[in-house]
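Thanks for joining. I would like to walk through one structure with you, beginning with the terms I rely on and then moving from a helix residue to the core and the ligand.

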Amino acid sequence: DAHISAVEALNPRLNAFITITADQARAQARAADAARAVGNAPALSGIPIAMKDLFCTEGVRTTAGSKILEPFIPPYESTVSARLKAAGAVMLGKANLDEFAMGSSNITSAYGAVENPWQRDDGAKLVPGGSSGGSAAAVAARMAMGATGTDTGGSIRQPASFTGIAGIKPTYGRCSRFGIVAFASSLDQAGPMARTVEDCAILLGAMSGFDERDSTSADRPVPDFRAACARGVQGLRIGIPREYRVDGMAPEIETLWQSGIDWLKRAGAEIIDVSLPHTKYGLPVYYIVAPAEASSNLARYDGVRFGARVDGADLIDLYERTRAAGFGAEVKRRIMIGTYVLSAGYYDAYYLRAQKVRALMLRDFNEAFATVDAILTPTAPSAAFAIGEKMDDPVTMYLNDVFTVPSNLAGVPAMSVPAGLDARGLPLGLQVIGRHFDEETVFAVSATLE
Ligand code: GLN
């Protein structure tokens, strides 16, 4: 009830939720109480969470932040949300996001921008980051104890950094993608967002595991992530990639990064300089591969099978009118980029070339992880920016993702930990990157930095 009251009080201002499911939440909470009364409470019994509105939830509208899915009520449940419910978690509602998870600001949502609960001294309203901005704002404003996010190029970690919370993108294949509205299938991963590293570990334990309904799901045992948080970093080798010292990084971020290095050294870790030489290709490769896959995934929104429809003179006209009215500007931009780089004549020059460079980036990580156990970097090149900033030129917005996209391209796990404040008192995150399927070390290092 306390969380539902917080949602009702704060959502009119913050716009963190697209759909609020207070009645279902109360029913779930009562069921959790009943289970507790007979000593049969599962791990997350009664814990109120926000569900990113990209996870299909049976009988509860799922919009993906798009007008084209405004009337869509899924007849089935995503694996991740089903597992959280089975673990006793209570869903408060569906969290706002950038349309189809495309963005770093939440400004592209067809349901309006989300406001960051943190405020700047000049009174500017700030973005919560994106695309999981509603999830981040809900947790940061204490409307929910945790949330689900998805991360294709930083959408869990960058909003976590902008709102002063923790969030992890697990290894590709750790969480099932079944029932998650697809953006870029070879990059998309679900993950938790919460106030602490340990809360993320508990949530991830419930969310992950093999699922035969996702062909890229990894058949691997789920370790005890929570226990890993207490391991410490004694004897661990932590890599500092020199290519992440990019031009234009805010001086406070440079300082925070150095503090992180000092904290880990003091806690017994060994700091080693490493090189990830293809880092500079991360953004161009990502902004070819992600739109290419998106253009293919979004072909299904044709107004025929599900979602919104605008009638036309014939079928082609119906497709065109439906898609023209249903998609926002950023989504259309991505579809155009994607179809361009996949078209005959350009495929080899752009898409195929990007896939080759992607393989080199994976090799960079594998070579670095031959000498270090984890890598430490900043999460984002700045703190939260004002709503309306960086809107004139999409490329300026894309630059936000410079530190986060490489781990999606390589499939390795990466976590953002709240680590400090900038000169204006806004939260900043540090990022810990680990080997494939070694989230345990990521949690150990992150818990030390927290
Ligand atoms: N900001 C990136 C993009 O716009 C990443 C989004 C994401 O991770 N879903 O594509």
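Let me call a residue buried if 20 or more other C-beta atoms lie within 10 Å of its own, exposed if 12 or fewer, and partly exposed in between, with C-beta atoms placed from the backbone. This is a predicted model, in which local features need pLDDT (the predictor's confidence in each residue, from 0 to 100) of at least 70 and side-chain atom pairs count only at pLDDT 80 or more, while totals for chains, interfaces and linings use all residues. Residues are numbered from 1 along each chain as its sequence is written. The protein chain has a mean pLDDT of 96, with 100% of its residues at 70 or more, and the complex is given an ipTM of 0.98 and a pTM of 0.97 by the predictor.

E367 sits in helix α12, residues 347-368, where helices are DSSP runs of H or I, at least four residues, numbered from the N terminus. E367 counts as partly exposed because 13 other C-beta atoms lie within 10 Å.

By contrast, consider α4, residues 133-140, where eight of the eight residues are buried, A138 among them. Leaving aside neighbours within four places in sequence, A138 is in contact (C-beta atoms, placed from the backbone, within 7 Å) with A16, F17, A50, A95, M143, A144 and A147. Just after α4, R142 takes a positive phi of about 65°.

Finally, the ligand: 13 residues surround it, and A101, S104, T152, G153 and S155 come nearest, where near means a C-beta atom, placed from the backbone, within 6 Å.

Key: Contact = placed C-beta atoms within 7 Å. Helix = DSSP H or I, 4+ residues; strand = E, 2+ residues; numbered from the N terminus.
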